[in-house]
Amino acid sequence: MISGCLEILHLPEGLLKNNINLLSVEIRDCAEIQSLSSELKGLPCLESLSISNCNSLSSVLDSCGLQTLKSLSIHGCRNISLEKGLQSLQFLQYASLSDCENLTTLPMTMQNLKYLQTLHIWSCPKMYMLPEWLGDLISLRELELWYCENLSSIPESVKKLTKLQFLSIWGCPNLGLRCRKDVGEDWHKIKHVPFIKINGPFIQAMTDFGAGSG
């Protein structure tokens, strides 16, 4: 873990590259750091990457080629851009994006993450839409949307997510209303999901799901 390096703009050259068997990297509270790409390139076995509270960081994955990465967590990085590099994460299974203030929608480069099983989006106040290609994430099993106040609807393509088992919506006023069981405008898009929570309680669980589909 690299933490509290408040004044560095870049990681010291060779700090990570010399650890070619490294499986996990966590970087947090490095307020001035701007890029990680050059150091991450030399990690052929990396499976987990977590970055938090690095507000000057604009580039993470550009040309990194982290084909082995399975888990990516980004928290509190207000200037982060994910438009480059995500397409190379062929085997990513878990992605969490939280407190990314300038994120307005999911980057298109996520579209081809065919092995992604878990997607958490928390506290992204400027996110106003979920892309229609969300339905292309065919392995998705868990989706959490928390405190994204400007999200206004669920894309129609979510009906294609036949492996989706759990959907949680919390603190998204418009979305919560549209996803009310049986009466919400977006209910028909999510009613196939066995477990659904909105603002705390389950509105659908496996017991009544089975009964309703019999």
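Strands, labelled E, are DSSP runs of at least two residues, numbered from the N terminus. In this predicted model, serine 168 is placed in one such run, strand E8. Serine 168 has a relative accessible area of 3% and therefore counts as buried, since the cut-off for that word is under 20%. Its side chain is joined to the side chain of tryptophan 146 by a polar contact of 3.0 Å. Apart from neighbours within four places in sequence, serine 168 is in contact with Leu143, Glu144, Leu145, Trp146 and Lys197.

Tryptophan 146 leads on to the aromatic residues. The structure holds five aromatic pairs. In one of them, the rings of tryptophan 146 and tryptophan 170 have centres 5.7 Å apart, and because their planes stand at 45° the pair is tilted. Tryptophan 146 belongs to strand E7, residues 142-146, while tryptophan 170 belongs to strand E8, residues 166-170, so the pair ties together parts 24 residues apart in sequence. Both rings belong to residues that are partly exposed: tryptophan 146 has a relative accessibility of 27%, and tryptophan 170 has a relative accessible area of 33%. A further aromatic pair is formed by phenylalanine 166 and phenylalanine 202, which meet edge-to-face with 6.4 Å from centre to centre and 70° between the planes. Phenylalanine 166 lies in strand E8 and phenylalanine 202 in strand E10, residues 202-204, so this pair ties together parts 36 residues apart in sequence. Phenylalanine 166 is buried, at 18% relative accessible area, whereas phenylalanine 202 is partly exposed, at 42%. Trp122, Trp146 and Trp170 form one aromatic cluster.

Trp122 also appears in the pairing of strands. Strand E6 covers residues 118-122 and runs parallel to strand E5, to which five bridges join it. Within this pairing, tryptophan 122 is the bridge partner of serine 98. Strand E5 is also joined by five bridges to strand E4, residues 71-75, and these two run parallel as well. Here serine 98 is the bridge partner of histidine 75. Four of the five residues of strand E5, residues 94-98, are buried, so the strand is largely enclosed by the rest of the structure.

The next topic is the nonpolar core. The largest core has 60 residues, and Leu106 and Leu119 touch the most other members. Leaving out residues up to four places away in sequence, leucine 106 touches Leu97, Leu119, Ile121, Met127, Leu130, Pro131, Trp133 and Leu134.

Later in the chain comes helix H3, residues 187-190, which contains lysine 189. Lysine 189 has a relative accessible area of 8%, so it is buried. Its side chain makes a polar contact of 2.9 Å with the side chain of aspartate 186. Beyond its neighbours within four places in sequence, lysine 189 is in contact with Ile154, Pro155, Glu156, Val158, Lys159 and Arg178.

Valine 193 sits in the loop between H3 and strand E9, residues 195-198. Valine 193 is buried, with a relative accessible area of 0%. Lysine 159, already named as a contact of lysine 189, is 34 residues from valine 193 in sequence, and the two are 9.0 Å apart in space, C-alpha to C-alpha.

Methods: Residues are numbered from 1 along each chain as its sequence is written. This is a predicted model: local features need pLDDT of at least 70, side-chain atom pairs count only at pLDDT 80 or more; totals for chains, interfaces and linings use all residues. Side-chain values use heavy atoms; hydrogens and water are left out. Buried means under 20% relative accessible area, exposed over 50%, partly exposed in between (1.4 Å probe, protein chains only). A polar contact is a pair of N or O atoms within 3.5 Å; within protein, one must be able to donate a hydrogen and the other to accept it, and residues adjacent in sequence count only if both atoms are side-chain atoms. Contact means heavy atoms within 4.5 Å. Rings of Phe, Tyr and Trp (its six-membered ring) pair if their centres lie within 6.5 Å; planes under 30 degrees apart count as stacked, over 60 as edge-to-face and the rest as tilted. A nonpolar core is a set of buried Ala, Val, Leu, Ile, Met, Phe, Trp, Tyr and Cys residues joined through side-chain atoms within 4.5 Å. Two strands pair if DSSP finds at least two bridges between them.
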